[in-house]
Amino acid sequence: MTDNTADHLDAYPPTAEFAAAANAGESLYDRAAADREAFWAEQARRLHWHQPFTRVLDWDDAPFAQWFADGKLNVAYNCVDRHVLDGHGEQVAIHWEGEPGDSRDITYAHLLAEVCRAANYLTELGLKAGDRVAIYMPMVPEAIVSMLACARLGLTHSVVFAGFSPSALRQRVDDAQARLVITTDGQWRRGKPAPLKEAVDEALVGSEHSVEHVLVVRRTEIEVPWTDGRDLWWHETVAEASADHEAQPFDAEHPLYILYTSGTTGKPKGILHTSGGYLTQVSYTHHNVFDHRAGQDVYWCTADIGWVTGHSYIVYGPLSNRATQVVYEGTPNSPDEHRHWQIVEKYGVSIYYTAPTLVRTFMKWGREIPDAHDLSSIRVLGSVGEPINPEAWRWYREVIGSNSAPIVDTWWQTETGAIMISPLPGVTAAKPGAAMTPLPGISAKVVDEEGNPVHLGETEANGYLVLDQPWPSMLRGIWGDPDRYRSTYWERYAEQGWYFAGDGAKLDADGDLWVLGRVDDVMNVSGHRISTAEVESALVGHHSVAEAAVVGASDDTTGQGIVAFVILTAGAADTGQDLIAELKAEVSREISPIARPREIHIVPELPKTRSGKIMRRLLRDVAEGRELGDTSTLVDPNVFEAIRTQKANW
Ligand code: WT7
C-alpha cells in the first residue's frame, strides 16, 4: 500500500445525520467558486449595515485592500444591540468561570448595558474615534466589555496579553501611542492573586509616553500603587455611568484593532485590522467551520483574548453570531486536571476549540481524567495554533469527541484575521493532521521558490503556502510601517502579487493541504509565536552574555521548545546552572514566561557563515540531537565539537 492510499483510507467523513443538518454543505464551495465577490457580499449581508455597501473589493492599491468601502456599520452593535433588539436579551452571552471558583452568567441585555456604560465613560474621558486604547487584562468579562466599548466608539484597541512583561507593554503602548490603558488590580493564578496594575506602573515610568489615564478593574483586591489624577477605578466610574448609549456607524475600513505579533526581527509588528471585512469573515467562519447554532450550542474557545484567537473566536465571531459561550479565567489544571471537563459538564459545552499543545497535555495526564466526565454534549472539536500530530488528533476525537465529533483543524494567522484553511464539519472527510482545503471564498496555493505549483502527490515536494487572492479579514498593514508590511508579506512573490504566509506546506495525492510549520525565524511554542531575535535580544541584554543564538527544537508537548546557545562576556563568571537559571529568569522578565528557554547552553563559539550569519539550521540539528547537515559554508567547522562537548556536560 502506498502512502497515498493510506492518506485516502484514513479519513473521517461526517455522518449522514451531521451532514444533513449542518450549516454548510457542498454547495457553499460552488457558490463561492461561481462568483467570489458576490459570495462575500452575501456573507457581509449577514451583518447589520447602517449604510449598505455597493462596492465589494477595491484592490487597485494592492497590497492595501478595501472591502465594502462605502458601507457603514458598528461592530459592537452587530455583536450585542442587534440580538437584544431581536428579542434575545435574556439569552446568556457569557457563562463566565472565574479561576478561584466564582462564576457569572451574563445575558446579551446585561452585556449591552455594560458596554454602553463603558462607552459613555470613555467618551467622558475625552476619547474620540481613531484614538488608541491599550487593554492589559486577564480573562474577566470587563476585558470583553472594554473591547466592545472601544469598537462601539471607533476607538482602536490594542490588547496586550496579561502575561507580557512591563517592557513589552511599554513597547506596545508607545508604538500605538495609546491614550488610555485598561487593566485590573491583579490576576488569579492557582488560587493566589498576582499583581498586574503594578506592571502598568512600571511600563509607564517616566513621562515620555502618551498615556493620560489608567482605568483599573478590581478583581483580586490585591493592593495597588496609585497615581492620583491618572488612575481611575472602574467601579467608581464606568459602573456609575449611564447604560443608555446609541451606537454610531463607522466606515467599513475604520480601524478596529491593532494586535502585536512576533516577526523575524526583535520588534513586534502591530497588525492592523479594520471593521466590515473583518467582522464578515470572523462571523462567516465561526458559523460554518464550527457549525454554530445560536440559542442551541454552548461554545467554548479556550484561548486568551491577548491573542488573535481570542479576538476573532471569543469576541467578534461568536458574539456576532449570538453565541452562548464559556469564558474561563484560569489554567486547565487549577485546582486540578479535571477543570475543563467539569466546565464542559456544567454548561453542556457542545463546541470546544483549543490548541494541539493542550490536547497533548491532556494525553499526558491520562484518559481516566476526561473519562470520569460526561462529555456527550460535545459535537464539534476545533484545533488551532500549530500542526496537530495524527496521534493527538485521533485521541482528541476518540476521548474528547466520543469517537464521533468531527475535528476542524483550522489554519490561519494573526495577519489573516480569520480561519482560512479548514475542513467543514458537515462536508469534509478530514484526515488526521491535515488542514485540508481553503474555505469557500478563500484561495491558497503551495508553490516552490519561483512560484511554480508543487506536484500533487509528491510528498517530498514540499513548498511554501501562499494566498493568491485578497480576503475580507486580511490585515490592512503594520501600524506605522507600510514598508515592513510590503517587504514581509508581499516581496517574496511580488511578481505574482501573492501573500507569503511564512509557512511550509504540502499537498497530498488528493490535493489536500498539510501545513508543516514556519519557514522563517519564528518559533511556535504551545501555539504562541515567538521570534528567535526577540529572545536573543533579551539574552544579550544580560550583562554576562556577549552573543546569543536561539532556535526552536521539536518538543513532544509544546510543539517547539526554545533552545539558546550563549557566549559569555570576557569578565563574566560562568557559575553553571546558577547563571543558566538567571538567564532563563531574565527572558521571562523581559518578554514573558512563555518565552522562557527550555535549555540554555553556554558555548565558546557560535557557528557562522563566512558572511557572519549564525547558522540556526545547524544549531537546530545539535539541539535535536541529529547528525549535522552541510557544514561546508562554516568559517570554522570545529566549533561544533566544542558545542557538543559543552552540551554533554549538562
Ligand atoms: C502561525 C500563526 C491562528 C491563531 C493562532 C496562531 C501556525 C496556526 C495552524 C494549524 C498548522 C498552524 C502557523 C501560522 N498555525 N494554525 N491549524 N496548523 N499551523 O496565530 O500567532 O499569528 O501564528 O501559527 O505557523 O503561520 P499566530
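**Cores.** I started with the largest nonpolar core of this predicted model. I count 118 residues in that core, and L111, L122, L148 and Y316 touch the most other members.

I then looked up the surroundings of Y316, leaving aside neighbours within four places in sequence. Y316 is in contact with L148, itself among the core members that touch the most others. I also list V75, C79, M147, A151, H157, L256, Y257, Y278, L279, V282 and H311 as contacts of Y316.

I found a second core, separate from the one above, with 43 residues. V525, L583, I591 and I600 are among its members.

**Ligand shell.** Which residues are closest to the ligand? I find D409, T410, T414, D503 and R518 in that position, within a shell of 17 residues. By class, I sort the shell into six nonpolar, six polar and five charged residues.

**Polar pairs.** I looked up three N or O pairs between ligand and protein. For D409, an N or O atom of the side chain is 2.7 Å from a ligand nitrogen. For T414, the side chain places an N or O atom 2.6 Å from a ligand oxygen. For E386, the atom is a backbone N or O, and I read 3.4 Å to a nitrogen of the ligand.

**Burial and elements.** How much of the ligand does the protein bury? I get 95% of the 550 Å² that the ligand exposes when taken alone. I noted which elements give two or more residues to the shell: α11 (308-320), β20 (407-410) and β25 (513-518).

Note on methods:
Residues are numbered from 1 along each chain as its sequence is written. This is a predicted model: local features need pLDDT of at least 70, side-chain atom pairs count only at pLDDT 80 or more; totals for chains, interfaces and linings use all residues. Side-chain values use heavy atoms; hydrogens and water are left out. A residue is near a molecule or strand if one of its heavy atoms lies within 4 Å of it. A polar contact is a pair of N or O atoms within 3.5 Å; within protein, one must be able to donate a hydrogen and the other to accept it, and residues adjacent in sequence count only if both atoms are side-chain atoms. Accessible areas come from the Shrake-Rupley method with a 1.4 Å probe; for residues, only the protein chains shown count as cover. Helices (H or I, at least four residues) and strands (E, at least two) are DSSP runs, numbered from the N terminus. Ala, Val, Leu, Ile, Met, Phe, Trp, Tyr, Cys and Pro count as nonpolar, Asp, Glu, Lys and Arg as charged, and the others, Gly among them, as polar. A nonpolar core is a set of buried Ala, Val, Leu, Ile, Met, Phe, Trp, Tyr and Cys residues joined through side-chain atoms within 4.5 Å. Buried means under 20% relative accessible area, exposed over 50%, partly exposed in between (1.4 Å probe, protein chains only). Contact means heavy atoms within 4.5 Å.
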